[in-house]
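Here is a quick tour for someone who would rather be at the bench. Have a look at the sequence and the fold first, then read on.

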Amino acid sequence: MADQAVRRPPRRPRRVRTLSGVDVLTVALMVAVPTVVVVGLVWGPALATVLLSFTDWNGIGNLSEINFVGWQNYEDATTNYPPFGPAIRHNVLWLVVFFVGPTLLGVILAVMLDRELRGSRIYQSIFFMPVVLSLALVGFIWQLIYSRDQGLLNEVLGLEGGARIDFFGNPDINLWAVLVAAGWRHTGYIMLLYLAGLKAVDPALREAAAVDGAGEVRTFLRVIWPVMRPVNIVILVITVIESLRAFDIAWVINKGRNGLELISTLVTQNVIGEASRVGFGSALATIMIAISTVFIVIYLIQVMREQK
Amino acid sequence: MTAAVKKRRKPVRPARVVLQAFLIVMAVGWIFPIAWAVYNSLRDFDYTSVNGYFSVGGFTLDNYVEAWSRGEFGQSFYNTAIIVIPSVLITLLLASMVAFVLARFSFPFNLTLLALFTAANLLPQQALLVPLFRLFLNFELSYDVSDSGSLYDTYVAVIAANIAFQTGFCTFVLSNYMKTLPRELTEAALVDGAGVLRRYWQLVLPLCRPALAALATLQITWVYNDFFWAVAFMRTGDKMPVTSSLQNLRGQFFTDYNLLSAGSVIVAIPTLIIFFVLQRHLRAGLTLGATKG
């Protein structure tokens with residue numbers, strides 16, 4: 001392993017001595033250029049977002065005209081901004097539904113398809129197919145099913161005239177309709193990741209469990225699940241982050257209004273919309289950063305542990 | 001399918017039959033939305049409006065011709081190519097450079113750097129929106145180069161955002177991959193007096209071809225599918241890449257569902273081709289990132 005050298009200091013001096021002056025410069029550039037890109041265009045802006053969230057900048061004036069306003073933007077968001085409450089509720093609902101729906105289903109499908117089964121590869125391909133479509137396009141494709149006038153679902157339900165339902169338009173149900181469509185895509189993703197994890201499980205473990213007379217369910221719960229801990233964490237983090245990032249499908253349907261408010265759409269409306277409330281939009285974005293940071297840290301701890 | 005199961009030498013267990021039945025139902029349900037779009041994209045609007053969508057007949061290819069010109073897909077596919085090709089190439093170049101250093105040298109900052117890169121891809125895109133939007137808007141360019149007089153509303157802005165956002169993930173995958181390469185290889189080259197650049201370009205990169213192929217496939221799909229950056233940083237409709245142009249196509253297509261179907265299929269075709277031809281690489285790319293090695 002490459003990292004062994006880190007823990008065995010005696011090897012390091014030898015390695016460094018083999019670098020010529022040109023090599024040192026090369027290595028420095030190989031690290032510096034990508035780092036500048038990622039820090040400059042990802043971490044710098046993320047930090048700037050947090051700082052701007054404490055200001056009243058409207059985006060037009062000079063940077064020198066910025067006033068620090070403390071927690072004002074956060075107060076406005078929570079008390080004086082009607083879409084905020086719904087957006088938070090929708091994101092939480094998205095997360096919960098994704099966990100009990102697509103994520104769980106993806107895991108179950110992976111466990112089913114992991115065994116020797118006729119047509120396993122074909123099933124895997126079919127469930128994986130929606131993953132290559134963008135969420136914006138998924139919105140288009142499901143419009144064919146959900147639409148009030150020409151949609152399949154209304155036809156199947158036999159609804160006529162005024163009784164017809166606009167699944168993407170009705171604010172009471174459109175989030176659920178969107179969740180079904182988005183879940184259709186998420187399931188295959190989780191299935192694939194879990195399947196890869198299951199394939200990596202040492203077959204000897206299963207054999208040992210089988211010899212001990214453990215049934216399939218028991219084997220999974222007692223033997224496989226604990227070994228899958230790293231994959232479980234990856235799936236947890238991916239589901240949370242994807243739920244927080246949900247944006248494209250709501251934006252393509254109605255720009256995140258009327259029942260489809262999400263934090264991501266509120267940020268976007270406030271920043272690129274006509275209003276251009278930069279400080280306020282930054283406060284909303286900072287809430288997203290704060291939540292994702294928790295899970296990014298969980299993910300990093302897991303990943304870095306594996307690096308050792 | 002039950003007949004197929006019976007052919008197996010093992011005795012048929014009822015659980016297996018139930019499992020197969022469940023999977024068949026699920027698979028049919030899963031493929032249905034795409035199949036429905038394809039089916040109706042091939043049918044005449046006048047025919048389906050008289051006979052309903054639950055009918056057979058009225059087959060035509062006209063919807064594709066109509067959707068292609070109304071959606072101005074010629075232009076938007078061209079725009080997508082302008083964005084995807086440099087984004088993916090530069091992302092892989094930058095990522096492989098850092099990954100090489102992380103995998104082949106043991107500097108004290110290695111782990112920190114790896115964390116810095118890996119985490120970058122996990123932030124929500126909106127977290128970067130405000131500063132990047134302002135940065136591009138205030139980055140003044142001559143009007144000869146940019147119609148907006150700034151980086152805003154240019155391909156460069158969208159490409160830069162894509163590169164910055166995707167480099168982290170690729171770095172993580174590539175550095176893990178490079179660490180699995182036998183160390184003796186580069187050490188032998190070291191004895192031959194090969195410099196760092198040669199070891200990177202002529203020795204390690206060619207060995208990483210499987211990982212690079214997997215990542216390139218995945219990145220092409222992701223950048224093609226990216227909706228947000230162009231929506232955020234572009235204003236001019238005829239500069240929009242395919243996926244982002246969907247936000248403007250609603251009005252064009254949502255009155256005629258055969259046209260909407262055809263438009264959806266047109267947008268799906270590139271990634272579906274990748275799916276059918278390069279599925280192995282796609283899966284490898286995704287799973288290399290999530291599970292180690």
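What follows goes from the overall build of one chain to its domains, its partner and a couple of odd backbone spots.

## Overall build

First things first: this is a predicted model. Chain A is a helical affair, with 15 helices and zero strands. Its C-alpha trace spans about 75 × 65 × 35 Å along the principal axes.

How does the radius of gyration of chain A compare with that of a compact globule of 308 residues? The globule would come in near 19 Å, but chain A has 25 Å. As for packing, 43% of the 308 residues in chain A are buried. Take the contacts in chain A with a separation of 6 or more, and 67% of them involve residues 24 or more positions apart.

## Two domains

Chain A is split into domain 1, covering 4-48, and domain 2, covering 72-307. Taken over C-alpha atoms, the centres of domain 1 and domain 2 of chain A are separated by 36 Å.

## Where the chains meet

How many residues does each chain bring to the contact? Chain A puts in 83 residues, and chain B puts in 83 residues. On the chain A side, helix α3 (residues 21-52) gives the largest share of what touches chain B, with 18 residues.

What about the chemistry of that surface? The side of chain A that touches chain B has 58 nonpolar residues, along with 17 polar and eight charged ones.

## Two backbone oddities

Some background before the details: most residues other than glycine have a negative phi. Two residues here are worth a look with that in mind.

N258(A) is not a glycine, yet its phi is positive, at about 55°. You'll find N258(A) in the loop of chain A that runs between α13 (248-254) and α14 (263-272). Is N258(A) buried or exposed? Neither quite fits: N258(A) counts as partly exposed because 15 other C-beta atoms lie within 10 Å, while being buried would take 20 or more and being exposed 12 or fewer.

Over in chain B, D153(B) is not a glycine either, and its phi is positive at about 65°. D153(B) lies in a loop too, the one between α7 (129-138) and α8 (155-180) of chain B. With 19 other C-beta atoms within 10 Å, D153(B) is also partly exposed.

Methods:
Residues numbered from 1 in each chain as written. Chains lettered and ligands numbered in written order. Predicted model: local features only at pLDDT ≥ 70, side-chain atom pairs only at ≥ 80, totals over all residues. Helix = DSSP H or I, 4+ residues; strand = E, 2+ residues; numbered from the N terminus. Rg over C-alpha atoms; globule rule 2.2 N^0.38 Å. Contact = placed C-beta atoms within 7 Å. Domains from an automatic or database assignment. Nonpolar A, V, L, I, M, F, W, Y, C, P; charged D, E, K, R; others polar.
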